[in-house]
There are 2 protein chains.
Amino acid sequence: MTRITYVLEESAIEVIPREIRDDKMIRQFCLKRGKHPEEVLLDQSYHHKAILKLANNEMRGRPDIIHFCLLEATSTPLYFKGQLDVYAHTLDDKIIKVEKNVRLPRVYERFVGLMEKLYVEKIISYKEKRLLTLSKGSFEDLLNKIRPSTVIGLSSIGKESSNEKVAKYALRFENPVFIVGGFAKGHFGADKRKLMDTLFSISRYSLNAHIVTARILYETEKIVLA
Amino acid sequence: MTRITYVLEESAIEVIPREIRDDKMIRQFCLKRGKHPEEVLLDQSYHHKAILKLANNEMRGRPDIIHFCLLEATSTPLYFKGQLDVYAHTLDDKIIKVEKNVRLPRVYERFVGLMEKLYVEKIISYKEKRLLTLSKGSFEDLLNKIRPSTVIGLSSIGKESSNEKVAKYALRFENPVFIVGGFAKGHFGADKRKLMDTLFSISRYSLNAHIVTARILYETEKIVLA
């Protein structure tokens, strides 16, 4: 059976990094939440000024992107039918796996709370069913784990194509993996691109990650569940 | 030029209704926010118990649905190019219009804050450009305002079809309007269905409103921007 894998790559999610844990606003924010900084997600909408002190800051602190993209992926019949595996790989080399039949929180604050719990506990279960896991690992480690028959990156700097064509192409392979960028600005790092077999652009327009996710999975589903 | 209209109908958004403004939890919640109940959105994720006291409670207090659906619609090239008009019509007969080139907040709390401001001020502008407006009006009033050439409802109880076919059908008309249900459970009211020319089901599966939105607009865009 065809198994499709979706990876949100370089996802802009991480806990407050060491470099800014002493920042006054960060300390106040964590105090108010009653949590240690290493248990709190970095978030542009609350920590904007502190994030500016970080290297590569434009790509960081956007858990809303992973929230939307994972909801997009896990709300599809392709996922309901168990034919879609869903991962996020983060900028700081964490692998988040969403297991089968998971209903993620639709409200952002709840999602953030769940992710914070995941960063602390590494596994989220409910009634002995595993829902989410977090482990350390590079993008390469993740691909070694998935063992896909082909790795397809989606990026505005890729070869011009369409969702339909890319889906058709992917399904010539038994276990294709789609890689979508989980960041607000910029492109996949060169080290990541090297690990992709092909890089396609599916629109003339610059699209948000959740739109790319919705469209490529929909076109794939149309063929798989036809 | 073809003009597409998207309406999220019976959207589960409203301010705290009179019947529960004296509820203890509601009063505490509003006090903490420093707002009057009539300035605060009703929200299942915070007011669940109080909502149970309301009639028709399964359909109420889900601003996350309108948040996702409006983001879905306004993140499409169809909208970027000015060929998509975006409305939400609410359960309590308010019409919310999203003007052209609006970038809605991606973080839920910010979106809620914006909507609360809209309920108080009726118009949200930025640098003299109008972004959002709220007015009173029934679904029929809204249709009279849009004056569409055809009204297409999307619902799991509609005639079986596909997004592709529905998009093609819609584009035989100059100004088609798509109606998507903005509630978590149930179907369009009979009074609403009477105002629709056709009712299509675009999937064998029960889909979230944001997925229906993403898919029908994408198939429409493929034809319009081809």
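Visitor: In what order do the 8 strands of the open sheet in chain B lie?
Guide: This is a predicted model. The pairing in the sheet of chain B is mixed, and the twist from one strand to the next averages 25°. The order of the strands is β4-β5-β3-β2-β1-β7-β6-β8.

Visitor: Which strands of chain B stand at the edges of the sheet?
Guide: A strand at the edge has a single partner strand, so one side of it is left without a neighbour in the sheet. In chain B the strands placed this way are β4 (123-126) and β8 (198-201).

Visitor: How many residues of β1(B) are buried?
Guide: β1(B) pairs with β2(B) in the parallel sense over 6 bridges, and 5 bridges join β1(B) to β7(B), also parallel. A residue counts as buried if 20 or more other C-beta atoms lie within 10 Å of its own. β1(B) is largely enclosed by the rest of the structure, because the number of its residues that are buried is 7 of 8.

Visitor: Which residues are the bridge partners of Ile4(B) in β2(B) and of Thr5(B) in β7(B)?
Guide: Ile4(B) is bridged to Leu84(B) of β2(B). For Thr5(B), the partner in β7(B) is Val177(B).

Visitor: Which strands does helix α9 (residues 209-224) of chain B touch where it packs on the sheet?
Guide: β6(B) and β7(B) pair in the parallel sense over 5 bridges, with Gly153(B) opposite Ile179(B). Helix α7 (residues 163-170) of chain B packs on the sheet against β6, β7 and β8, and its direction makes about 160° with that of β6(B). The direction of α9(B) makes about 160° with that of β7(B), and the strands it touches are β1 (4-11), β6 and β7 of chain B.

Visitor: How are α3(B) and α5(B) oriented, and which residues make their contact?
Guide: The axes of α3 (residues 63-74) and α5 (residues 108-121) of chain B come within 10 Å and cross at roughly 100°. An angle of 65 to 115 degrees counts as roughly perpendicular, so α3(B) is roughly perpendicular to α5(B). The contact is made by Pro63(B), Asp64(B) and His67(B) of α3(B) and by Tyr108(B), Phe111(B), Val112(B) and Met115(B) of α5(B).

Visitor: Which side chains of strand β3 (residues 94-98) of chain A point to the buried face?
Guide: In a regular strand the side chains alternate between the two faces of the sheet. Along β3(A), Ile95(A) and Lys97(A) point to one face and are not buried. The side chains that point to the other face and are buried are those of Lys94(A), Ile96(A) and Val98(A).

Visitor: Which residues are bridge partners of Ile95(A)?
Guide: β3(A) pairs in the antiparallel sense with β2(A) over 4 bridges and with β5(A) over 5 bridges. On the β2(A) side the partner of Ile95(A) is His89(A). In β5(A) the partner is Ser135(A).

Visitor: Which residue in the turn between β2(A) and β3(A) has a positive phi?
Guide: The two strands form a hairpin with 3 residues between them. The residue in the turn with a positive phi, about 60°, is Asp93(A).

Visitor: Is Glu128(A) buried or exposed?
Guide: Glu128(A) is found in the loop between β4 and β5 of chain A, and its phi is near 65°, a positive value in a residue other than glycine. A residue with 12 or fewer other C-beta atoms within 10 Å is exposed. Glu128(A) has 5 such neighbours and therefore counts as exposed.

Visitor: What rotation superposes chain A on chain B?
Guide: The shift along the axis is 0.0 Å and the RMSD is 0.0 Å. The two copies are thus related as by a two-fold rotation axis. The rotation is 180°.

Visitor: Which element gives the largest share of the side of chain A that touches chain B?
Guide: In the interface, 18 residues of chain A are in contact with 18 residues of chain B. The elements giving two or more residues to this side of chain A are α4 (77-80), α5 (108-121) and α9 (209-224). The largest share, 4 residues, comes from α9(A).

Key. Residues numbered from 1 in each chain as written. Chains lettered and ligands numbered in written order. Predicted model: local features only at pLDDT ≥ 70, side-chain atom pairs only at ≥ 80, totals over all residues. Contact = placed C-beta atoms within 7 Å. Pairing = 2+ DSSP bridges. Axes fitted to C-alpha atoms, helices over the stretch in contact; angles between N-to-C directions. Parallel < 35°, antiparallel > 145°, perpendicular 65-115°, else oblique. Least-squares fit on C-alpha atoms with pLDDT ≥ 70 in both.
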